[in-house]
Amino acid sequence: MPPHMQQKPLTKPMAIQLDSVAKKYGDHTVLNNVSLSVREGEVTAMIGPSGAGKSTLLRCINLLERPDTGCITVEGSQIDAGTNFTAKDLAALRRNVGMVFQSFNLFPHLNVLRNVSIAQERVLGRPRKEADARSMKLLERVGLADKAKQYPSRCSGGQQQRIAIARALALDPRVMLFDEPTSALDPEVGLEVLAVMKELAAEGMTMVVVTHEMQFARDVCDHLVVMANGSIIEEGDPERIFTNPVQPRTREFLRAVLER
Amino acid sequence: MDIFLIILQGVPMTIGLTVAALGIGALGGIPLALGRRSKIPGVSFIAVSLIEILRGIPPIVWLFIIYFGLGTALPMLDPLTSAITGLGLISCAYMAEIYRGGLSAITHGQWEAGEALGMGRPSVLTVIIGPQVFRVSIPAAASYAIGLLKDSSVAYTIGVSEIVYFANDQSRQSSDALGPFFLAALVYVIMTIPCAWATRALDARLRQKVAR
C-alpha cells in the first residue's frame, strides 16, 4: 500500500471504486487503466492539464461515458463495463450518484421549482406536492427559494449552478460528482457555488470534483488526484502534493497554475 | 359579392383538411423523426426511405394514387378521406424533418442531465427533450402549416369541395373566368396573414419565457 493511503482512516467503507478503467477513441487512449478509490464522506479533487482525462474519468463513475473495459462500483452497485449490463443495473448505480455539470444543463422550459422536482416525481415516484416541498427546502438551502417560479434563463450563472446542485441533491444521492462546476462562471460568482460545495463537504457528502480551483482543492478536499495523459500520475494528501509534489509533471502543472 | 359568398363555402373544408393533415403529420412525424435517429440497424434506413418517398412524390400524384388507385379497391375512400390521407402522409415526412431540426437544436447536455438524474429514456424524451423540440419546431411547423393550407387546394382535383373547387365552379359558370380565382386568392391571403401573425406572437412569447 502506498504511504499516503495510511493517512486515511481505514475504517470508512468505500463509496466509489474504479478498477482498471480504460477508454480509447480510435487510436487515442483517453483513459489508460485507471483505478481510483473514494471512501465514504471523502472529498476528492481531480486536477491536471486539459485533455488529461479528468472529466472522462468522472463521467465514467455514473457511466455517462462508457469505458471500454474496467469495473465500476458505487455504493455497492457494480457494473463491469466490458460486459453487457442491463438498464436496471445502470439505474441502480445512478440512483446513488448526483452530478453537476460545467454548463449547468438546467431544463430551460421548466421553472426552477419544476427543474428540481421533475426527477423526484419521475425517478422516485414522489407525489408532486411532496417533491415540491423537498425542492423548496433545497432551494432555501442554496439560498434561492425566491427564484422558485422563475425560469432558469432569468437566473445568473452562479444561481443556475446552485439550482443544478439542488436538483441533484433532490434525489438524495450518496455521492456527488462535480465536473468543473465553476469553470463557466466569473471568479467572483464562482465563490457562491464553492460556498455551497463547502457546506456540502462539511456535512459529510462524498464528493468527486474535477476543478481548476486550486484553493478549493487544497483547503476543502481530503484527497487530491493529479491526472495527465489518461493516467493518475500522483495522488494523496492535497497539502503534501501542493507543497511537495513527487512527479515532475505534477510540479510543472502546479507551477503553471499557481505561479501565474 | 354572391360569388365571394359561394367561394367562402369552401373555407371550412380547406381548414378542416389542413388541420386534419397537419394533425396526422404532427403525430406521425414523431416516430419517423425518432426512427431516423435510431441506432438500431435498419430502423433509420426505413425511416429515411419513408421520408424520401413521401416527400419525393408530388401531392397531386399521391392523391391520384390513393383516390383512383386504392379508392377502386376500398370504396370507403371518398375524396375527402383520400385527400386527408394523402396530405397527412406527406405532412408526416415534412414534420419529421422539422422535428429532426428541432432535435439537433437541443444540446447534448440536456440528455445527459436527464440521464444523470436517473431518468429512463422514455421520461427524458417526454418531459425534457420533447417539449423543447416542440417549442423550437413551432416557427418551421407554422410556415409548413401555412404552405399546407394553400397546397390543400390540390384536393379539388379529386373533387373535395374546398375553396378552389368552388372558385373553379364559379369560373366555369360565369363569363368572368378569372374573377372567382382572384376572390379565392383573397380568401387564402385573409386566412394566412393572421396565421403568420399568431405564430410570430406565440414564438415571441415562448422565447421570452425560456430565452437561452
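**Entry 1. Salt bridges overall**

I began with charge pairs and counted 17 salt bridges over all chains of the structure. I note at the outset that this is a predicted model. I kept in mind that side chains of opposite charge can pair when their charged atoms come close.

**Entry 2. A:Arg114 and A:Asp132**

I looked up A:Arg114 and found it in a salt bridge with A:Asp132, with 3.9 Å between the closest N and O atoms. This pair links distant parts of the chain, 18 residues apart: A:Arg114 belongs to helix 3 (residues 112-124) of chain A, and A:Asp132 to helix 4 (residues 128-141) of chain A. I then checked accessibility and recorded both A:Arg114 and A:Asp132 as buried.

**Entry 3. A:Asp172 and A:Arg126**

I turned to A:Asp172, whose side chain meets that of A:Arg126 in a salt bridge at 2.7 Å, N to O. I placed A:Asp172 in the loop between helix 5 (157-169) and strand 7 (175-179) of chain A, and A:Arg126 in the loop between helix 3 and helix 4 of chain A, so the pair ties together parts that are 46 residues apart in sequence. I asked whether A:Arg126 is buried or exposed. Its relative accessibility is 17%, and A:Arg126 therefore counts as buried, the cut-off being under 20%. A:Asp172 is partly exposed, because its relative accessible area is 35%.

**Entry 4. A:Glu239 and A:Arg218**

I next examined A:Glu239 and A:Arg218, whose side chains form a salt bridge of 3.0 Å, N to O. Here too the pair links distant parts of the chain, with A:Glu239 in helix 8 (residues 238-243) of chain A and A:Arg218 in helix 7 (residues 214-219) of chain A, 21 residues apart. I recorded A:Glu239 as partly exposed, at a relative accessible area of 37%. A:Arg218 is also partly exposed, at 27%.

**Entry 5. A network in chain A**

I looked for charged residues joined in a network. I found A:Glu40, A:Glu75 and A:Arg174 linked by salt bridges in this way.

**Entry 6. The interface of chain A and chain B**

I then asked how many residues of chain A are in contact with chain B. I found 22 residues of chain A in contact with 22 residues of chain B. The two chains bury about 2,000 Å² between them, and 60% of this area is on carbon and sulfur atoms.

I went on to the polar side of the interface. Between chain A and chain B I counted 2 salt bridges. I looked up the pair B:Glu112 and A:Arg59, whose side chains meet in a salt bridge at 2.5 Å, N to O. Across the interface I also noted 6 residue pairs in polar contact, both residues at pLDDT 80 or more.

I asked which elements of chain A each supply at least two residues of the side that touches chain B. They are strand 6 (97-100), helix 3 and helix 5 of chain A. The largest share of that side, 4 residues, comes from helix 3 of chain A.

**Entry 7. A:Asn62**

I located A:Asn62 in the loop between helix 1 (54-61) and strand 4 (69-74) of chain A. I recorded A:Asn62 as buried, because its relative accessible area is 0%. Leaving aside residues up to four places away in sequence, I listed what A:Asn62 touches: A:Leu93, A:Arg94, A:Val97, A:Met99, A:Leu177 and, in chain B, B:Ala116.

**Entry 8. Chain B as a whole**

I turned to the secondary structure of chain B and counted 9 helices and 0 strands. From the N terminus on, its elements run α-α-α-α-α-α-α-α-α. Along its principal axes, the C-alpha trace of chain B spans about 70 × 45 × 25 Å.

Of the 212 residues in chain B, I found 42% buried. I then looked at contacts in chain B with a separation of 6 or more, and residues 24 or more positions apart account for 71% of them. The exposed area of chain B is about 10,700 Å², of which carbon and sulfur atoms supply 71%.

**Entry 9. A nonpolar patch on chain B**

I closed with the surface of chain B. I found a nonpolar surface patch of about 390 Å², made by B:Ile60, B:Val61, B:Phe64, B:Ile65 and B:Phe68. I asked where B:Ile65 lies. B:Ile65 is in helix 4 (residues 59-73) of chain B. I recorded B:Ile65 as partly exposed, because its relative accessible area is 40%.

Note on methods. Residues numbered from 1 in each chain as written. Chains lettered and ligands numbered in written order. Heavy atoms only, no water. Patch = residues over 30% accessible without salt bridge, like charges linked within 9 Å, V, L, I, M, F, W, Y side chains within 5 Å. Areas by Shrake-Rupley, 256 points an atom, 1.4 Å probe, with all protein chains shown as cover. Salt bridge = Lys/Arg side-chain N within 4 Å of Asp/Glu carboxyl O. Buried < 20%, exposed > 50% of the residue type's maximum accessible area, 1.4 Å probe, protein only. Contact = heavy atoms within 4.5 Å. Buried area = accessible area lost by both parts, 1.4 Å probe. Polar contact = N/O pair within 3.5 Å; in protein donor to acceptor, adjacent residues only side chain to side chain.
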